[in-house]
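Dear colleague,

I am passing on to you the structure discussed in our group, with its sequence. Please find it directly below, followed by my account of what was found in it.

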Amino acid sequence: MTKSREQRWYVQSPRNELAAGRGGLRTRMQTLASLWAFAFIALLVVVPWAYAIIPLLAAATLLPALLIYAPRVQGEGALDRDDAFMLLALFSYGALWCLDVWRSGEWPVGEGNQGIFLPLWPMLAAALLMALRIFTPGPRLLWLAVSCGALGAGSIALYERLVLDKARASNDMNAIPFGNLSLLLGGLSLLGALWCVRSGSVRRPALLALTLLAAMAGMLGSLLSGTRGGWIAAPLLLLLAYRAARDVLPSRPLHLAVAALMILLVAAAWAPQTGVRDRVALAHSNLMQYAVGEERGSSVGLRLEMWRAGGLMFLEKPVLGWGEGQVQHQRDALVAEAGLHPGISRYDQLHSDIIDTAARRGLVGLGVLLAFYMVPLSLFWRRLVDGGSPGVRVLAAAGMMVPVAFIDFGLTQSMLRDVRGLSGYLGFCVVCWAVMRRHERLRRSVHP
């Protein structure tokens, strides 16, 4: 008896059935990856423990699917040389930190004992990057996520300052990472607005309004947090947004938008309710007192004392540093030997990623830290200036904004030793990279 065509196809083409099953898996995993990416970005500074719980849930659900799907990936989602550079930068940073823990026999615990596994997080981020390159969210989800995160941070800051009358908005965490991450979310939201008007036409008016409101909310959250170090990053982020906008907006609307934004920011900073003038005046007073030797225990004075301690430690062991577990002990010894202010012993870091890394891991650590910043920065920069589509350039600017912001944040605060700081840097870099690469390949397939 002769088999029908459908029966013969079913018997002779099991690969097609398997491929269809993989396609269904990929669709489901892409939806799940989009959910985790949105939740992480939107809730990072809003919900306690979101910085850890959501990445762990993402790893538990996406990595098994990655093992199933990855061996046969071709085309979109396949890793290339640029992906390898990004993965190497992440893995090297975590691996050196783990080696440092091994040689010193002590794990970092972070503020409130929340970060005991910090050295392993970059490796987890590398694994999730490979998963997100296959199960990639779309650009609109990225802009929705950063806008929700910025609106949440700004709303919390307003409530704490105006209703609870707190001196600094913080959402019950360290005010510095709260303010820094709020600023970054606001800057990314501003790029989301550019994405909505790329090629000179408004494509999604509702999303455009949301991103513009979120940009102001995120920057307001930073102002109300009183995080002075992060305010230095604001002009850099706005300059980067301006660079991206040059390829998207005509010159006249662009200049009007820049002027309006600057007026709003200056007005917000000048308002007494934000406390910006008081914080700047206090920093100037602390610096003058320290310069004449009157007060070393102020906020600025203690930072300068910690930097001095880090410099002395680096000079003594410049190649490999003192190790993860020895910096605090050596710092306390320097309090007695070099006459440093005893108040610096209250902290578990040296309030600067560069100085802290130099003291713990020496020149080797500084080289790896430089790659940790510069590899993502250079990969995104290349796509910002290579003349690709406006959408790719805006996404590249978003990716660049993350290391640019953290380089600045890390000058006066050890953001990469803070649980939300490190988680935020890794998460933003990974999501922005995966979304940009997918959009880049889709554009090439449409316009080869």
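The notes that follow go from the overall fold to the interior, the surface, the loops and the charged pairs.

**Overall picture**

Please bear in mind that this is a predicted model. The protein chain contains 17 helices and zero strands. It has 448 residues, of which 54% count as buried. Taking the contacts between residues at least 6 apart in sequence, 77% join residues at least 24 apart. The chain exposes about 20,000 Å², and carbon and sulfur atoms supply 66% of that area.

**Interior**

In general, nonpolar side chains of soluble globular proteins tend to be buried together. Here the largest nonpolar core has 115 residues, and L191 and F406 are those with the most contacts inside it. Leaving aside residues up to four places away in sequence, L191 touches W143, A241, A244, V394, A397, A398 and M401. There is also a second, separate core of 12 residues, with M306, A309, L334 and L350 among them.

The search for disulfides gave a count of zero. C429 may serve as an example: the nearest cysteine sulfur, that of C432, is 7.3 Å away, whereas a disulfide would need the two sulfur atoms within 2.5 Å. C429 has a relative accessibility of 3% and therefore counts as buried.

**Surface patch**

On the surface, W107, V109, I116, F117 and L120 make a nonpolar patch of about 430 Å². One of these residues, L120, is placed in the loop between α4 (81-104) and α5 (121-134). With a relative accessibility of 36%, L120 counts as partly exposed.

**Two loop residues with positive phi**

Which backbone angle draws attention to W49? Its phi is near 70°, a positive value in a residue other than glycine. W49 sits in the loop between α2 (14-43) and α3 (50-69), and a relative accessible area of 45% makes W49 partly exposed.

N171 is likewise a residue other than glycine with a positive phi, in this case near 55°. N171 belongs to the loop between α6 (139-163) and α7 (175-196). At 17% relative accessibility, N171 counts as buried, because the limit for that class is under 20%.

**Charged pairs**

Side chains of opposite charge can pair when their charged atoms come close. Over the whole structure, the search finds 19 salt bridges. Three of them are described here, beginning with two that join distant parts of the chain.

The side chains of R441 and D80 form a salt bridge with an N to O distance of 3.6 Å. R441 belongs to helix α17 (residues 419-446) and D80 to the loop between α3 and α4, so that the pair links parts of the chain 361 residues apart. R441 is partly exposed at 23% relative accessibility, and D80 is partly exposed with a relative accessible area of 27%.

R383 and D82 form another salt bridge, in which the closest N and O atoms are 2.6 Å apart. Since R383 lies in helix α15 (residues 353-385) and D82 in helix α4, the pair ties together parts that are 301 residues apart in sequence. How accessible are the two partners? R383 is buried at 4% relative accessibility, and D82 is buried with a relative accessible area of 6%.

Both of these pairs have their residues in a network of salt bridges that links D80, D82, D83, R133, R382, R383, R437, E440 and R441.

The remaining pair is D172 with K166, whose side chains meet in a salt bridge at 3.4 Å, N to O. D172 is exposed, with a relative accessible area of 69%, while K166 counts as partly exposed at 27% relative accessibility.

With kind regards

How values were computed. Residues numbered from 1 in each chain as written. Predicted model: local features only at pLDDT ≥ 70, side-chain atom pairs only at ≥ 80, totals over all residues. Heavy atoms only, no water. Buried < 20%, exposed > 50% of the residue type's maximum accessible area, 1.4 Å probe, protein only. Core = buried A, V, L, I, M, F, W, Y, C linked by side-chain atoms within 4.5 Å. Contact = heavy atoms within 4.5 Å. Helix = DSSP H or I, 4+ residues; strand = E, 2+ residues; numbered from the N terminus. Areas by Shrake-Rupley, 256 points an atom, 1.4 Å probe, with all protein chains shown as cover. Patch = residues over 30% accessible without salt bridge, like charges linked within 9 Å, V, L, I, M, F, W, Y side chains within 5 Å. Salt bridge = Lys/Arg side-chain N within 4 Å of Asp/Glu carboxyl O.
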